[in-house]
Every structure is written in structure tokens, then in C-alpha cells.
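Hi everyone, and thanks for making time for this. Let me put the structure up on the screen, and then we can walk through it together.

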Amino acid sequence: MPPDLKGSKAGFPALEVPPLDVPELLAVLVRQSGPFLDQFGIRRNLCDKIVENLCSKRKNQLVLRSLVAGEPPAVDPDKISDELDLRIASVLQSTGHCRERGGSWTDFMKPDVTDGKRHVAIVTTASLPWMTGTAVNPLFRAAYLAKSAKQKVTLLVPWLCRSDQELVYPNNLTFGSPEEQENYIRNWLEESVGFKADFRISFYPGKFSRERRSIIPAGDTSQFIPSKNADIAILEEPEHLNWYHHGKRWTDKFNHVVGIVHTNYLEYIKREKYGALQAFFVKHINNLVTRAHCHRVLRLSAATQDMPKSVICNVHGVNPKFLKIGEKVAAERELGQQAFSKGAYFLGKMVWAKGYKELIDLLAKHKNDLNGFKLDVYGNGEDAHEVQSTAKRLDLNLNFQKGRDHADDSLQGYKVFINPSVSDVLCTATAEALAMGKFVVCADHPSNEFFSSFPNCLTYKTPEDFVAKVKEALANEPQPLTPEQRYNLSWEAATKRFIEYSELDRILNNEYSATTIRKSNGKAIARSVSMPTLSEMVDGGIAFAHYCLTGNEFLRLCTGAIPGTRDYGRQHCKDLHLLPPQVESPIYG
């Protein structure tokens, strides 16, 4: 081997570290064999003495070298075990070998993150111009995480072939290339936040499921994050991303994996045929896949199912333009101007599960109590015709309009936003209405718990209470938001909460786990650990079983997967300039 490459491998710096000598190798063997030797009556303190004697030669050499150089001894005789660990770690690092915690259950190719610049990959299940929560919120998260400049950020979004784009994206908007869609995303974002966000946007192959009205990944999504950047992963909707994931385990490839649960899938499934049975299986599948693929799970509200390793925290903010509208309304009211000239409205995708059933039931039951009450409804969706015909049949005073942006000028004059939905996890439209200084009338439900602390949020428990709250909102003026309330709705506050509850504050500050040893000069070296814990072995077993099951096309189809999504297809290869999956991941034998 050439001299300049001696002691280096795969880009690791050359280090002049002498190899372990025979006594040190024997010391390692004795120490690792402690539990085994204990079965033969050889006590632990005797093993420690053997290790100390074997290491004494090396120790004496280091002490002598320090004294000759006029420095204090470099080795503390009472810390022989720690110094042996440092020796092993130094030798392993000098050869380029890096073994992470968990033995054969984890990935040997995790990146070196000791340079102080961390890599965060945000993986989500939708992308603009589809204006859904899992497209918009991860985009804002990427922008505000990148704004701090403490870490490099990549946003990984699905790429749809043109035939699927025509089904999903509004106004017949389609893109011929990922670069074209990326420009659209960046322009929309910069217009919304008012600054240029420095992060990378990448694409993975996805296919649209008409039955589920959602995008399913095709192939191994994790492969679209290079191993050198595989440090921290944020999985937006981890259960959705991993239902049919047949690829590398996320916790094997990444040092820290955080899942964020956006959707109350069980609530939607229960409304379908045989919903209770389907919900039972989906609940347990969600638990298994999130446990196997995440270190930490954040639930936006208690309306989601309880999952392993999960905590509840709202880590979403509102688009800054809604806060600006709220500030404008407050300024107009201070000048004595009338800010709100209209009554009540509802805005949401026109499907029964998005609160339309609850809305029509409430208005039909209390039509006489709300005599003269008129509600404007804005939305498009698959159930639009059925919803409108039902309202007409019941003779409800509803004025249906086409869906539009919540910040549209035509909506800013409304004083009361009514949202009876109980299927949401954390309704974005409710947060936006509060940010604009409006009253919000919503159900006393776990999904609205975060909003209930705002004085303009009027929650109801019974249908009669709903009538009372609507009348109260129409008869009064909403209170202006305080600076603290505005901040709590912002993405700056949401990002701060996210960093705290996901434990990223500890990780981004380079406070490594117990598998890291710190040198005296402050540098960190990964410790080699021989065996995973029992919990890690269980999680690894779940991940392996899931990998085997998702590799069988028949089982995939039986559980509702889109045919041909185990690997990406030809069109995705062409659009994303990918090698065919048979070449990318060949099967031998």
C-alpha cells in the first residue's frame, strides 16, 4: 500500500496509530469473556487484574513517554478499561472500520458525523402542487430547519409519472421533469416565507392509489438518500411510508430516525365497509412498522393512535401570510375600522370524512334554532355532488362555492370559521383562521386541544352547545392575538418544539449516545459494541419479518398494495435517470 494511504480507508484521514499488540488482544478477549468465565467461578475482579497486567506494558510505555516529554502521565492507572476502549476505537477508526451499536442488526456504513455539520433528510408522502398537509408542512419544516444553518437539509418528495400527475395535481398542472417541479416548489415557498431557503430537494418514485387517494412509494425509498448523508431522518407519516417498504431499515441506515404522524387513518378506515375489522389490522401494522423503523415518534395530537416510542406535540405552524393578515386585521381594528363584514363559513376538501357529515347533521337537527343562519361552504372533492344534493334535500341554508386558497381576499372578511370535523389530527384551516384573527367554532376533541387555549377558539361538546357557540361568535368581536399567541402559531415556534421533542437538540449539539467515547481533545469516536439489547433484537426481528412479507408480490396485493410498487418501473427510470432495479439491486443465485 502506498505510504500516503497507510492507515486510511474510504476517505478516512491517515492516522499514525500502532496496531493492537498480542497482550492487548488477549486483554480484549478476557474482558469480553467475563460473563462466560464467571460460570466457571472466575470472578470479575480477577478478570480485571488479568486485563490490567496485560495492559501494563503499554501503560508503562505511555507513562514513560509522557514523563520524558515533561507532561503529566497520559494514562490514569484507575481507568485501564476506558483506555483500552479508546485504543480499540482509535485503531478501528484509523483503518476506516466503523461498527455502530447493535452488531449485525445495524448498518456498518453509517456516516462520520464528527465534523460538526449534521445532515437531516425529510421524507414525505406528497408534494406541491398538491395542497395537502403532507406536502406543505414538510416543506416549511425543511425551510425553517435549514434557516438555522446548523445542519444540511434534504427534502425527499415523491415523483409521479405524468398519468398520475393528471389525477393528483390541480388545474391540469403537470411537469415534464423533476427540475421543473422543483422550480415550482421553490418559487411557491419563497413567496410564502419571504426568504430563500437553502436546502436540497430530491425525488423518489411514487404511484398514486385512486382507492386510498394517496401516493405509495415504489421501491426502496431510503436508497435515494446517499449513505454519506444518511445521518438524521424525519419520516413524515412513517406508517404510510413503511406499509409496503421493501428495502433497508431506516434505523440501520440513519443514526436517528424521527417519525411524525399526520393522519388519523383509523378514523377514515372505520367509515368504510368492514371498517372495524380493517382498523384492527391497520392499527397493529402501524405499531409494528413505526417501532421497527423509528427511534422517536411525534404525534401532532391525541387524535392519532398511540404508538410505541411516541410523544404528543404540535410541531406544525401556519403559513406566515396568515399571520400577516392577522396583523393587518388588528391594525384596522385599532384605527376603528370594521375588519369583518361577513358572517360564517366552512372550508375543506368536499369528502364526507372531512367534517361534512357532522356539519349537515348539526344544521339539520337545529335548523329552527339557527333560523336565518347562513353558512358559505368552500371546497372541491369526490363527494361534492352527494353533499350538495343532501343539503338541498334537507333544505339547509348552505351556499356552496368552489374551493380556494384560505388566504384569498374573498375569505378575509368572514368573522367566524366553523369546523365540526373530528377526523382531523390537527386541522391546518383552524390554525390559519385563528392566525387571521377570526373566531373558530369547533368540537371539543383531542385534535383541537392545542387550539383550545386561544380565546377566539369556541369549543362545543353537544349539538345544543354548538348552537350556543355559533350565536356567541356571531354576536361578538374576536380578541386580537397577543404577540405570544402569534408566536405559538408560527413556524419558528413549531420548529423549536420539534427540535426539543424529537431530541434533535441533543443530537444537533453533537451530544452523542452511550456508544460514543470522547477523547481528551474533544473529538468523538464511535465505540464498538458487541451485542444489541433485547429491545433492539425484537425490533430487528419485526423489521426482518416485515421485509420478508413485503417482498412477496402476492401478499402485497392481498393487503392492498399497488401492483408493481415493490420496485420502480421503466417510466420512473426514464424520468429520474435511474438504473433499472435489476441492475441497481441484482439478485444472485
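Before we look at who meets whom, one definition: when I say that residues meet or are in contact, I mean heavy atoms within 4.5 Å. Please also keep in mind that this is a predicted model.

With that, let's start with helix α5. N137, F140, R141, Y144, L145 and K147 in α5 meet a set of residues in α18, namely W491, E492, T495, F498 and I499. By type, the residues of this contact of α5 with α18 split into 6 nonpolar, 2 polar and 3 charged. How far apart are the axes of α5 and α18, and at what angle do the two pack? The axes are 10 Å apart, and the angle is about 80°. Angles of 65 to 115 degrees count as roughly perpendicular, so that is how α5 and α18 stand to each other.

Helix α5, which covers residues 133–147, has another partner in α7, residues 178–193. Here the axes come within 11 Å and cross at roughly 70°. That makes this pair roughly perpendicular as well. On the α5 side the contact is made by V136, L139, F140, A143 and Y144, and on the α7 side by I185, W188, L189, S192 and V193. How do the residues of the contact of α5 with α7 divide into nonpolar, polar and charged? There are 9 nonpolar and 1 polar, with no charged residue in the contact.

Now, the inside of the protein. The chain has 589 residues, and 50% of them count as buried. The largest nonpolar core holds 106 residues. Those with the most contacts inside this core are L189, F199, L363, L375, I418, F466 and F498. Our friend α5 gives the most to this core, with 9 residues. Why do I say that the core lies between two domains? Because domain 2 (118–317 + 533–576) and domain 3 (320–489) both give residues to it. As a bit of background, nonpolar side chains in soluble globular proteins tend to be buried together.

Let's zoom in on L363. Not counting residues up to four places away in sequence, L363 touches L370, F373, L375, L396, L398 and F466. Apart from the largest core there is another core, of 20 residues, and A121, F254, V257 and V261 are among them.

Next, helix α15, residues 428–435. Is α15 enclosed or open? Of its 8 residues, 7 are buried, so α15 is largely enclosed by the rest of the structure. The buried ones are A429, T430, A431, E432, A433, L434 and A435. They pack against several elements, including α12, β9, β12 and α17. Just after α15 comes G437, with a positive phi of about 85°.

One of those neighbours, α12 (residues 320–334), holds A331. This residue is partly exposed, at 37% relative accessible area. A331 and P480 are 149 residues apart in sequence, yet their C-alpha atoms are 9.4 Å apart in space.

That brings me to the backbone oddities. Most residues other than glycine have a negative phi, and most peptide bonds are trans. Where does this chain have a cis peptide bond? It joins L128 and P129, with omega about 15°. P129 sits in the loop between β1 and α5.

There are also two residues other than glycine with a positive phi to show you. E237 has a phi of about 65°, and H577 has one near 55°. Are they buried or exposed? E237 is buried, with a relative accessible area of 3%, whereas H577 counts as exposed at 68%. E237 is found in the loop between β5 and α8, and H577 in the loop between α22 and α23.

Last stop: S214, in strand β4. S214 is buried, with a relative accessible area of 12%. Setting aside its neighbours within four places in sequence, S214 is in contact with W130, K207, F208, S209 and H240.

Stepping back to the whole chain, there are 23 helices and 16 strands. Of the contacts between residues at least 6 apart in sequence, 70% join residues at least 24 apart.

That's my tour. Thanks for listening!

Terms used
Residues numbered from 1 in each chain as written. Heavy atoms only, no water. Axes fitted to C-alpha atoms, helices over the stretch in contact; angles between N-to-C directions. Helix = DSSP H or I, 4+ residues; strand = E, 2+ residues; numbered from the N terminus. Parallel < 35°, antiparallel > 145°, perpendicular 65-115°, else oblique. Nonpolar A, V, L, I, M, F, W, Y, C, P; charged D, E, K, R; others polar. Core = buried A, V, L, I, M, F, W, Y, C linked by side-chain atoms within 4.5 Å. Buried < 20%, exposed > 50% of the residue type's maximum accessible area, 1.4 Å probe, protein only. Domains from an automatic or database assignment.
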